[in-house]
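Please work through the exercises below with the sequence and the model side by side. Each task is followed by a solution that goes step by step.

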Amino acid sequence: MMFSKAGLERLFVRHDKQELREFARDVLSELLDNDPRHQVLLETLKTYIHNACSVNNTAKEMGIHTNTLYQRLRKIESMTAMNLSNPDDFLIISLVCHLLPL
């Protein structure tokens, strides 16, 4: 792969993987444990971001009701102390989800 076509990965190529892991753990610490409920929340978050924040597409892909998705997103915001509607918070969470798995 040519470096010029690497996309987002270009931002991370010169960073130590351990440093990137620590960054991800700082942002999503509670979601990265082995609790199955938290794993569902992490998968929900990744799917939501992958679907460009489309509630309908995310709920459909996950086979859940939109109200369930909204509840999960609120729980994620509570656990991470971040607001998915805040552009700065969303950018950080999106980058971390892009880095997973580390």
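Helices (H or I, at least four residues) and strands (E, at least two) are DSSP runs, numbered from the N terminus. The model is predicted, so that local features need pLDDT of at least 70 and side-chain atom pairs count only at pLDDT 80 or more, while totals for chains, interfaces and linings use all residues. Residues are numbered from 1 along each chain as its sequence is written, and side-chain values use heavy atoms, with hydrogens and water left out.

**Exercise 1. Describe the overall make-up of the protein.**

Begin with the secondary structure: the protein has five helices and zero strands, and reading along the sequence gives the pattern α-α-α-α-α. Next, consider burial, where buried means under 20% relative accessible area, exposed over 50%, and partly exposed in between (1.4 Å probe, protein chains only). Of the 102 residues in the protein, 35% are buried. Finally, take the contacts, a contact being heavy atoms within 4.5 Å: among those between residues at least 6 apart in sequence, 50% join residues at least 24 apart.

**Exercise 2. Locate A52 and C53, and state what is notable about the phi angle of each.**

A52 lies in the loop between helix 2 (36-50) and helix 3 (55-62), and its phi is near 55 degrees, a positive value in a residue other than glycine. C53 is placed in the loop between helix 2 and helix 3, and although C53 is not a glycine, its phi is positive at about 65 degrees. As for accessibility, A52 counts as exposed because its relative accessibility is 65%, whereas C53 counts as partly exposed because its value is 28%.

**Exercise 3. Work out which residues N51 and T58 touch, leaving aside those up to four places away in sequence.**

Start with N51, which is found in the loop between helix 2 and helix 3 and is buried, with a relative accessible area of 15%. Its contacts outside the excluded range are N57, T58 and E61. The C-alpha atoms of N51 and E61, which are ten residues apart along the chain, are separated by 9.1 Å. Then turn to T58 in helix 3, which is buried with a relative accessible area of 0%. T58 touches T44, T47, Y48, N51 and L69 under that exclusion.

**Exercise 4. Characterise the packing of helix 1 against helix 5.**

Take the geometry to begin with: helix 1 (residues 17-28) and helix 5 (residues 87-99) pack at an angle of about 130 degrees, with their axes 10 Å apart. Axes here are lines fitted to C-alpha atoms, for helices over the stretch in contact, and angles run from 0 to 180 degrees between N-to-C directions. Angles under 35 degrees count as roughly parallel, over 145 as roughly antiparallel, 65 to 115 as roughly perpendicular and the rest as oblique; helix 1 and helix 5 are therefore oblique to each other. The contact is made by L20, F23, A24, V27 and L28 of helix 1, together with I92, I93, V96, C97 and L99 of helix 5.

**Exercise 5. Find the salt bridge and compare the accessibility of its partners.**

A salt bridge is a side-chain nitrogen of Lys or Arg within 4 Å of a carboxyl oxygen of Asp or Glu. Searching the whole structure finds one salt bridge, formed by D35 with R37, whose closest N and O atoms are 2.8 Å apart. D35 is buried, at a relative accessible area of 18%, whereas R37 counts as exposed at 62% relative accessibility.
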